[in-house]
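Q: Hi! I have a structure open and could use some help reading it. Can we go through it together?
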Amino acid sequence: MNLVYKVITGTLLTVGISVLSSCEKDIDGYVQDARVYFFERSNDLNQTRISNRSFTFLTVPEQQMKDTLYIKVKTMGEVSAVDRYPIAKTVAEGSTATEGIDYEFIPGLVAANQIEGNVAVVLHRTARLKNETVLLNLAIGESADFKGGVTEDGTFTLRWSDRLVQPDTWPFYFGTYSDVKYQFIIDHLGIADYPHQLSPRIEAQPGEYSIADLQDMASRLRIILREENAANEGKPGYPLRDENGALVVF
Amino acid sequence: MKGIIYLAIALFFTTFLGCKKDIGNYEYTDTPVVQIDTTGLGNTYRLLRLTPLKIAPGIRLPEGHQGTYKWLIYKKQTSNNASTSSKEISDKAVLDVVIAEPVGEYVTELIVTDATTGITSNVTFNVSVTANMEFGMMILYQGAHGGDIDFIRTPALSSTISGNSHIKNMYSLTMGKPISGQAKFIWSAFQAYQITNWITVGSDNYIARFKGDDFTFIRDQEDMYRRPETVINPQAYVFNTSSLHVLINGKKLHATGNGFYESDIKFPGPADGDYELAPYLVARHASSYSSIAYDQKNSRFVRYYLSTNMIDNFAAPAAGQAFDLRNVGKDMLYMTNGASNYTYAFFKDKTGAGRWLYVVDFTKTSDAGNLAVGAYDMTDLPDATQAKLFQVSGFGGYTYYATTDKIYNYAYRSSNTASVAFQMPAGEEITCMRYYKPVPNISVADKEERVLYVATWNGTRAKVYELAINETSGVVNQTPLNVFEVTGKVVDMAARATL
């Protein structure tokens with residue numbers, strides 16, 4: 001009886017384990033929420049993080065009262081087969097611009113099957129920009145498609161104005177700075193900022209300038225100024241002088 | 001109780017029955033496969049870039065079967081990085097194609113598919129592509145469909161070259177099409193221990209830069225200029241001893257600044273000034289001049305200021321100078337460097353038949369109005385008015401000038417006379433004439449100016465004659481060292497040299 005009992009028990013245990021082993025529940029894979037983070041990077045070998053940007057309405061036609069700035073973002077999580085729309089939000093701390101008056105957010109875009117896109121900020125050309133530079137700290141807002149992503153790339157700073165302020169990137173090759181000279185450059189080249197090419201080992205991106213590029217700009221400005229002075233000879237204000245009365249030269 | 005035991009036993013066997021290995025119940029038959037015989041072929045092929053790779057393996061298909069063939073080439077893997085894409089280079093059983101891949105190590109693979117059974121067989125070979133472009137002569141010509149480039153190497157150009165080689169169609173094999181427009185110039189720029197090692201090619205609507213080592217493409221067209229709106233009309237180019245890349249584009253001077261990286265060596269806007277340049281430049285002069293050129297519009301030599309990107313006059317002539325650089329009053333026919341690194345300029349009078357050779361010493365670092373060396377009247381030389389091509393010796397007091405079919409040796413320094421140095425075969429018109437003048441010449445100083453290349457055109461085909469010459473007297477050996485056939489009218493030739 002004891003032997004029979006052992007055989008029955010052993011057999012049932014074996015069968016039971018075999019049958020139950022097929023009932024093991026599959027473990028679900030990890031699913032990342034769709035998130036985005038700011039992904040502005042320098043054009044250098046290390047792709048250094050950029051966390052702020054300046055803008056001036058000086059290069060925008062006078063009648064244009066708004067302009068949209070796009071800030072690059074990168075996604076986390078699965079790629080989507082449809083377009084998705086990230087949006088930015090205000091970080092009140094440190095911001096001097098007022099939402100609804102100085103700026104507004106509109107949805108950006110991460111196109112279908114892409115992992116990079118942008119968020120959009122519409123900047124308003126308000127009267128006070130003639131006298132001051134406003135600042136906006138922004139972060140990734142929550143939308144139907146995205147939440148905020150990597151903390152280190154979670155905030156971005158924008159500054160904008162509508163007045164002549166010597167840019168940090170003023171080139172040596174343009175000579176002494178003056179507001180008149182700066183306006184002359186903007187009027188003729190349409191360029192208000194002159195960031196240097198960070199690594200000449202990498203082809204400059206649009207908006208980056210090598211020393212030779214800046215020398216070429218100065219050469220072009222020298223000719224334009226000479227022609228403008230000649231065309232306006234004898235007229236008030238010519239030859240062109242700056243706000244301090246000095247001749248403008250390149 | 002027995003029922004329970006039987007049930008348990010039945011369950012046990014049933015459970016494990018599914019684990020029983022299926023030993024199958026098949027019939028096995030032999031399917032004939034393609035056999036690729038590589039006996040005697042070797043496993044590694046070494047060849048020059050832009051030359052044919054020929055491999056003819058023995059292929060045995062099953063009787064009555066047809067095969068299809070595919071030759072692939074891809075980079076040889078040297079790490080665990082992602083594999084590079086392959087490229088199909090032939091669909092023939094025997095491989096015979098020109099390899100245009102950059103210098104490097106490759107694998108070429110033959111895949112034979114039995115069209116009847118769908119079964120494939122394959123075999124691989126290592127391919128080592130080199131260039132051997134250290135020394136040679138680049139030939140730029142205008143063919144029926146556009147411009148192209150050949151590369152010639154002979155023992156006359158370097159003691160390291162043991163036999164002749166002639167690589168054809170380098171440009172079209174690299175770029176997939178010929179050079180657009182009318183071909184104008186080719187130049188090898190090499191700077192020891194610096195990044196500069198490029199070949200620059202130009203036509204009247206095109207300019208491009210290639211790597212000097214293997215003629216792989218770097219950049220072209222608007223990527224060569226800082227101002228994208230520049231109308232591309234290259235006419236002459238030189239890499240000068242001030243390490244500036246100087247281009248005449250639309251009769252204006254464009255000179256690059258010194259740069260540390262290739263991507264920043266681009267032509268800026270035109271030099272400021274009222275001028276229209278003759279399409280000739282020289283490489284050797286004092287660095288204080290940055291570049292010199294000849295303003296055809298105002299009949300004067302001009303100098304270039306790099307810091308302000310402008311051209312200007314030279315100083316007024318001191319007393320006793322042979323001529324005034326600011327007012328030559330003649331039209332330039334050609335300009336080049338020669339003996340003592342002087343600049344030699346050939347002119348014709350604006351009216352009449354006058355022909356002149358003006359010599360200027362632009363090696364003087366400061367301009368005190370004393371740069372003119374001499375003015376030689378060529379008017380009475382034989383066929384002087386028919387002269388259309390010129391070369392000036394760096395070793396002796398002679399120059400060559402070529403008419404349609406004759407090359408004259410002009411002893412300007414001693415007797416101011418000229419005599420026929422070489423007569424081209426009947427029916428052949430001279431289209432280009434160049435010394436072998438390598439820069440740098442360190443490794444080939446014994447070959448410099450020992451050969452003269454003369455290109456001819458007979459209406460349907462071109463030839464390039466390699467003529468041995470005496471470097472001090474200019475006497476030409478009447479038996480060419482070599483004659484190469486080229487498939488278009490030659491417009492320029494330039495030495496290619498390295499250290």
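**Domains and a hairpin in chain B**

A: Happy to! This is a predicted model, and its chain B is divided into domain 1 (35-130) and domain 2 (136-496).

Q: Cool. How many Å apart are the C-alpha centres of domain 1 and domain 2 of chain B?
A: Those two centres lie 43 Å apart.

Q: And how many residues are in contact between the two domains of chain B?
A: On the domain 1 side there are 8 residues, in contact with 7 residues of domain 2. Together the two domains of chain B bury about 650 Å² between them, and 71% of that is on carbon and sulfur atoms.

Q: Which residues of domain 1 lose the most area to domain 2 of chain B?
A: Those are B:L48, B:R49 and B:L50, which together account for 64% of what the domain 1 side buries. The residues on that side that touch domain 2 divide into 6 nonpolar, 1 polar and 1 charged.

Q: How many salt bridges are there between those two domains of chain B?
A: The count is 0 salt bridges. There are, however, 4 residue pairs in polar contact between domain 1 and domain 2 of chain B.

Q: New topic: strands β18 and β19 of chain B. Do they run parallel or antiparallel?
A: Antiparallel! β18 (residues 245-249) and β19 (residues 252-255) of chain B are joined by 4 bridges.

Q: Which residue in β19(B) is the bridge partner of B:I248?
A: That's B:L253.

Q: And what's in the turn between β18(B) and β19(B)?
A: The two strands form a hairpin with 2 residues between them, and B:G250 in the turn has a positive phi of about 60°.

Key: Residues numbered from 1 in each chain as written. Chains lettered and ligands numbered in written order. Predicted model: local features only at pLDDT ≥ 70, side-chain atom pairs only at ≥ 80, totals over all residues. Heavy atoms only, no water. Domains from an automatic or database assignment. Contact = heavy atoms within 4.5 Å. Buried area = accessible area lost by both parts, 1.4 Å probe. Salt bridge = Lys/Arg side-chain N within 4 Å of Asp/Glu carboxyl O. Polar contact = N/O pair within 3.5 Å; in protein donor to acceptor, adjacent residues only side chain to side chain. Nonpolar A, V, L, I, M, F, W, Y, C, P; charged D, E, K, R; others polar. Pairing = 2+ DSSP bridges.
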